[in-house]
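Q: I've got a protein model open in front of me and I'm not sure how to read it. Can we go through it together, feature by feature?

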Amino acid sequence: MPFTTPPRPFDVTALCPQLAPLARTATRLHPRPGSPAVHDSSVGGPLLWPADEPWPHCTEPHPEEEAADVPHSLDDIRELRRVLAASEARLLRDRHAPLALPEEREVSDRFTKGRPWFDGPVPMLPVAQLYARDVPLLTRPIGTDLLQVLWCPSGHGCSEPRTVLCWRDSATVTDLLGSPPPEPVVEEEGYLPRPCVLAPEEVTEYPGIRELDKETRRELADESRWEAAGVRWDGEGAEEPHEYWSERLSTAPGWKTGGWTTWDLTDPYPRVCPACGTEQIPLLTIASSEGDEGWRPLEDPADPAQHLPGRPSQPTLVDIRGGYTLQLHVCPASPDHPHLQMMQ
């Protein structure tokens, strides 16, 4: 089904006309749990992978002493998610119901114990597959219509999983890989995306407050300008106009392509292409959450109890180090140049 982001509370160019040329189009992907196939755009779904092409592996060291958690098999994670969803659904039906049944506690105990540590090259996990027919504004190399994103299921002792981009002309993939590589163990449960179908929607974004020039930031902080424009910034709990700008008017939350970079942890810094020196642009934002009430699609139910099993706030079950986003950037001159990634 299509999803519709609520219109922003007002036209920001009425507040600051100089913002008009800064508008960019982002494509919100709106992932929702489903059963995607290899010819579908998806998050966590099967990839259109050629039979004669090796599956990517991470060959770098995976030191056990730097692990954030004990490893888990993919089946362990899927089983834990199943019993947690069953428990939550049971409690929504009856708040006096048991938190966990005996067999559910057994699953949880097995998960807590984890699996033996792994060594050697590790098969990468599918994260996203995007066809240009679904995301027409996707920045991509000439002659390709498909982007595939994979990552290593280990954090390598750093703050984010390492990613690989594969670009393809889908029409040339006729002989598909029959048997996927052996499933790896995963360092963190949040590194395994739940399979989701997509409902892309184009929205307009503006730069975050940290990426605006000083004069525009000063004007946005001037409460008299908001009053003159006939709009309020304090109607939804914001403590200052800059906070309202960041949460409601600039960059959309959730999984998306294009748009503006989100700066939540650091001030903006150059994202220079290591191959040619061109400033890189946002390609894909991998999010731990789809955002709050102000960005919830109109088609989503307002009652949280109705979110099961889709749970629009966290449909993919991806968790980047406790709730952050992983933003992949590419070179606009040559998208097949090495990409950059940053956690915010």
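**Reading strands, helices and hollows**

A: Sure, let's begin with a pair of strands: E7 and strand E8 (residues 146-151) run antiparallel and are joined by six bridges. Keep in mind that this is a predicted model.

Q: What holds strands together in a sheet, and which residue of E8 stands opposite Pro126?

A: The general idea is that strands of a sheet pair through backbone hydrogen bonds, either parallel or antiparallel. In this model, Leu150 in E8 is the residue opposite Pro126. E7 also pairs with strand E3 (residues 42-43), again in the antiparallel sense, over two bridges. There, Val43 stands opposite Ala128 of E7.

Q: Is E7 mostly covered or mostly open?

A: Mostly covered: six of the seven residues in E7 are buried.

Q: In what order do the strands of this open sheet come?

A: Six strands make up the open sheet, and the order is E2-E11-E3-E7-E8-E9, with antiparallel pairing. Strand E2 (32-33) and strand E9 (163-168) are at the edges with a single partner strand each, so one side of each has no neighbour in the sheet.

Q: How do I read the side chains along a strand, say strand E12 (residues 201-205)?

A: Check which face each side chain points to. In E12 the side chains alternate: Glu201, Val203 and Glu205 point to one face and are buried, while Glu202 and Thr204 point to the other face and are not buried. Now add the partner strand: E12 pairs with strand E1 (residues 24-28) in the antiparallel sense, over five bridges. One bridge to find on your screen links Arg24 to its partner Glu205 in E12.

Q: Now helices. Which residues of H6 are buried?

A: A bit of background helps here. An α-helix has 3.6 residues a turn, so residues three or four places apart point the same way. In H6, the buried residues are Pro241, Tyr244, Trp245, Arg248 and Leu249. Looking down the axis of H6, you find these buried residues within an arc of 105°, so they line one face of the helix.

Q: What do the buried residues of H6 pack against?

A: They pack against helix H1 (12-15), helix H4 (214-221) and helix H5 (223-228).

Q: And which residues of H4 are buried?

A: Thr216, Glu219 and Leu220 are the buried ones in H4. Down the axis of H4, they fall within an arc of 100°, so they too line one face of their helix. The buried residues of H4 pack against H1, H5 and H6.

Q: Let's look at hollows. How do I read the largest pocket, and what is its volume?

A: Take the volume, then the lining, then the kinds of residue. The largest pocket has a volume of about 860 Å³. Its lining has 37 residues, and Arg78, Leu192, Pro193, Arg194 and Pro195 lie nearest its centre. Helix H2 (74-93) and strand E7 (125-131) each give at least two residues to this lining, and the largest share, eight residues, comes from H2. Sorted by class, the lining has 25 nonpolar, four polar and eight charged residues.

Q: What about the second largest pocket: which residues are closest to its centre?

A: That pocket has a volume of about 530 Å³. Among the 27 residues lining it, Ser246, Thr251, Pro253, Thr262 and Asp264 are closest to the centre. Helix H6 (241-249), E14 and E15 each give two or more residues to the lining. By class, the lining has seven nonpolar, 15 polar and five charged residues.

Q: How is a cavity read, and how many of 30 Å³ or more are there?

A: The difference to look for is a way out: a probe fits in a cavity but cannot leave, while a pocket is open. The count here is one cavity of 30 Å³ or more, and the volume of the largest cavity is about 30 Å³. Strand E13 (256-258), strand E14 (281-287) and strand E15 (325-330) each give two or more residues to its lining. E14 provides the largest share, four residues. Among the lining residues are Lys256, Pro282, Leu284 and His329. By class, the lining of this largest cavity has four nonpolar, five polar and one charged.

Methods:
Residues are numbered from 1 along each chain as its sequence is written. This is a predicted model: local features need pLDDT of at least 70, side-chain atom pairs count only at pLDDT 80 or more; totals for chains, interfaces and linings use all residues. Side-chain values use heavy atoms; hydrogens and water are left out. On a 1 Å grid over the protein atoms alone, a cavity is a set of points where a 1.4 Å probe fits but cannot get out, and a pocket is an open set with protein on both sides within 12 Å along at least five of seven lines; lining residues have an atom within 4 Å of a point. Grid points are joined across faces, edges and corners, and a volume is the space filled by probe spheres set on the points. Ala, Val, Leu, Ile, Met, Phe, Trp, Tyr, Cys and Pro count as nonpolar, Asp, Glu, Lys and Arg as charged, and the others, Gly among them, as polar. Buried means under 20% relative accessible area, exposed over 50%, partly exposed in between (1.4 Å probe, protein chains only). The arc is that of the directions from the helix axis to the C-beta atoms. Contact means heavy atoms within 4.5 Å. Two strands pair if DSSP finds at least two bridges between them.
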